[in-house]
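Work through the following exercises with the sequence and the model side by side, and try each task before reading its solution.

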Amino acid sequence: MDRSSVQRVAALVRKELRQIFRDPKTKRIIFASPVLQLLLFGYAVTTDVRDVPTYVVDLDRTAESRGVADALTASGYFSIIGSSTRAADLEDALDAGKAVVGIHIPVGFARDVHAGRGATVQVLVDGSQSNTATVAQGHAGRVIQEYGMAGRPAAAGVALEARAWFNPGLESRLYNVPAIIGVLLLLMCMLLTALTVVRERELGTLDQLMVGPLTPGELMMGKTLPVALIAVIDLVIIFVVALLWFRVPFHGSIAVLLLASTLYILTCLGLGLFISTISRTQQEAFMTMFLMMLPLVILSGFMYPVEAMPPLFQHLTQLNPVRHFLQVVRAIFLRGDGVAELWLHFVALAIMAGVALGASTARFRFNA
């Protein structure tokens, strides 16, 4: 770019920034909204279970059987809401929705524990809440097994010792909060850019810009740079909140995170600009943006693991920039990976950024 081109782009950037910050509501949306959404997502989007309502039927009525209920309560995962010596009461509690987990301790539990014959405890879960039931079932099995093995030597053969790396407590918050950064950046970038060109068209100022010395490439650059700057500021704010408020460990390099975020932001800006060039009204651009965001988020691995999707959709996720960025940001935060381990994702993001920005510029030039 020559000097005159730089001056034209700089003038357009100043104009865009003044227009964005002229409205006080826009300032709150840009800077306060990401923090509020991060707090909401950080606490609401979780697969952890705590204090699951649990009903216990103890037919053995011994110190050992009471110890099972005490061990479940002490784990913090279960909250005993009632107990009985009748199996029908457990069925009633599950049917009425008062309990999610039911524990049935049969007669002879203590005798079997002391005899080493392998005591049996039945765990019933409410399958209508599948995620909670699955996680609670796993916790119950582990707590009861540890209680049964306490104070006794391990059996001959193989002793299993499970240990989770990078996230020892298996806290979903540490896994979800870094991913929320990708979703919020996608939302902010697409929201601000999807309305830029179409707003100029509605106000009648687009024709004035087109008859001026600005080229389509300079116009796209002038529309993109202010939003990119705002996205970087939002990234810093979200990053600080994730570290200081949610206490998410950061084991990687800030430079690597900034590089990945830059490529991702450019991709999101390109998608938003493309939407803006194919829309005639701001309402149409707004609806198109959300129609595009929904499959991007669903196929990203943010809500559902990519590995659990059908093979066809797993292949489709390779075309999703959100999926690549989420894998990168989680790896940087939790494992401390660098460019050497994540270079394929960096290449994919770079290609997608080039295609998105190139397609939006070409579309704008065609419309012009």
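The structure shown here is a predicted model.

**Exercise 1. Find the residue just after helix 3 that takes a positive phi, and describe the helix before it.**

Solution. Begin at the end of the helix, where G76, just after helix 3, takes a positive phi of about 85°. Next, turn to the helix itself, which covers residues 63–74 and has 12 residues. From its first C-alpha to its last, helix 3 reaches 16 Å, which is close to the 16 Å expected at 1.5 Å a residue. Finally, look for its buried residues, which are S65, G67, V68, A69, A71 and L72.

**Exercise 2. Decide what sets the phi of D51 and the phi of R247 apart from the usual case.**

Solution. The starting point is a general rule: most residues other than glycine have a negative phi. D51 has a phi near 50°, a positive value in a residue other than glycine, and this residue lies in the loop between helix 2 and strand 1 (52–58). R247, which is not a glycine either, has a positive phi of about 60°, and its place is the loop between helix 10 and helix 11. As a last step, consider accessibility: because residues over 50% count as exposed, R247, at 61%, is exposed.

**Exercise 3. Describe helix 2 by its span, its bend and its buried residues.**

Solution. First compare the lengths: helix 2 has 21 residues and reaches 28 Å from its first C-alpha to its last, close to the 30 Å expected at 1.5 Å a residue. Then follow the axis, which bends by about 45° at A32, with a proline, P34, following within four residues. Now pick out the buried residues of helix 2, namely T26, I30, P34, Q37, L38 and G42. These buried residues pack against helix 1 (3–21), helix 7 and helix 10.

**Exercise 4. Work out which residues touch the most other members of the largest nonpolar core, and which helices supply that core.**

Solution. In general terms, nonpolar side chains of soluble globular proteins tend to be buried together. The largest nonpolar core in this model has 60 residues, of which L38, L185, L186, Y264, F325 and F333 touch the most other members. At least two residues of this core come from each of helix 2 (24–44), helix 7 (172–194), helix 10 (216–244), helix 11 (254–278), helix 12 (282–298), helix 14 (321–335) and helix 15 (339–367). Among the contributors, helix 7 gives the most, with 15 residues. There is also a second, separate core of 20 residues, which includes A71, V113, A136 and I144. To see one member of the largest core in detail, take Y264, which, leaving aside its neighbours within four places in sequence, is in contact with G182, L185, L186, P321, V322, F325 and L349.

**Exercise 5. Classify the aromatic pairs F239 with F250 and Y264 with F325 as stacked or edge-to-face.**

Solution. A pair of aromatic rings is described by the distance of the centres and the angle of the planes. The count for this model comes to 7 aromatic pairs. In the pair of F239 and F250, the centres are 5.1 Å apart with 90° between the planes, and the pair is therefore edge-to-face, since planes over 60 degrees apart are classed in that way. F239 belongs to helix 10 and F250 to the loop between helix 10 and helix 11, 11 residues apart. F239 also counts as buried, because its relative accessibility is 13%. For Y264 and F325 the distance is 4.2 Å centre to centre and the angle is 5°, so this pair is stacked, the limit for that class being under 30 degrees. Y264 in helix 11 and F325 in helix 14 are 61 residues apart, and both are buried. One further step shows that F239, F250 and F333 form one aromatic cluster.

**Exercise 6. Establish whether S84 and E218 are buried or exposed, and list what each one touches.**

Solution. The cut-off needed here is that buried means under 20% relative accessible area. S84, found in strand 2 (residues 78–84), is buried because its relative accessible area is 14%. Not counting residues up to four places away in sequence, S84 touches Y55, V56, V57, D58 and D89. E218, in helix 10, is buried as well, because its relative accessibility is 8%. With the nearby sequence positions again left out, up to four places away, E218 touches S5, R8, V9, L12 and P213.

Notes: Residues are numbered from 1 along each chain as its sequence is written. This is a predicted model: local features need pLDDT of at least 70, side-chain atom pairs count only at pLDDT 80 or more; totals for chains, interfaces and linings use all residues. Side-chain values use heavy atoms; hydrogens and water are left out. A nonpolar core is a set of buried Ala, Val, Leu, Ile, Met, Phe, Trp, Tyr and Cys residues joined through side-chain atoms within 4.5 Å. Buried means under 20% relative accessible area, exposed over 50%, partly exposed in between (1.4 Å probe, protein chains only). Contact means heavy atoms within 4.5 Å. Rings of Phe, Tyr and Trp (its six-membered ring) pair if their centres lie within 6.5 Å; planes under 30 degrees apart count as stacked, over 60 as edge-to-face and the rest as tilted. The expected span of a helix is 1.5 Å times one less than its number of residues. The bend at a residue is the angle between axes fitted to the seven residues ending there and the seven starting there.
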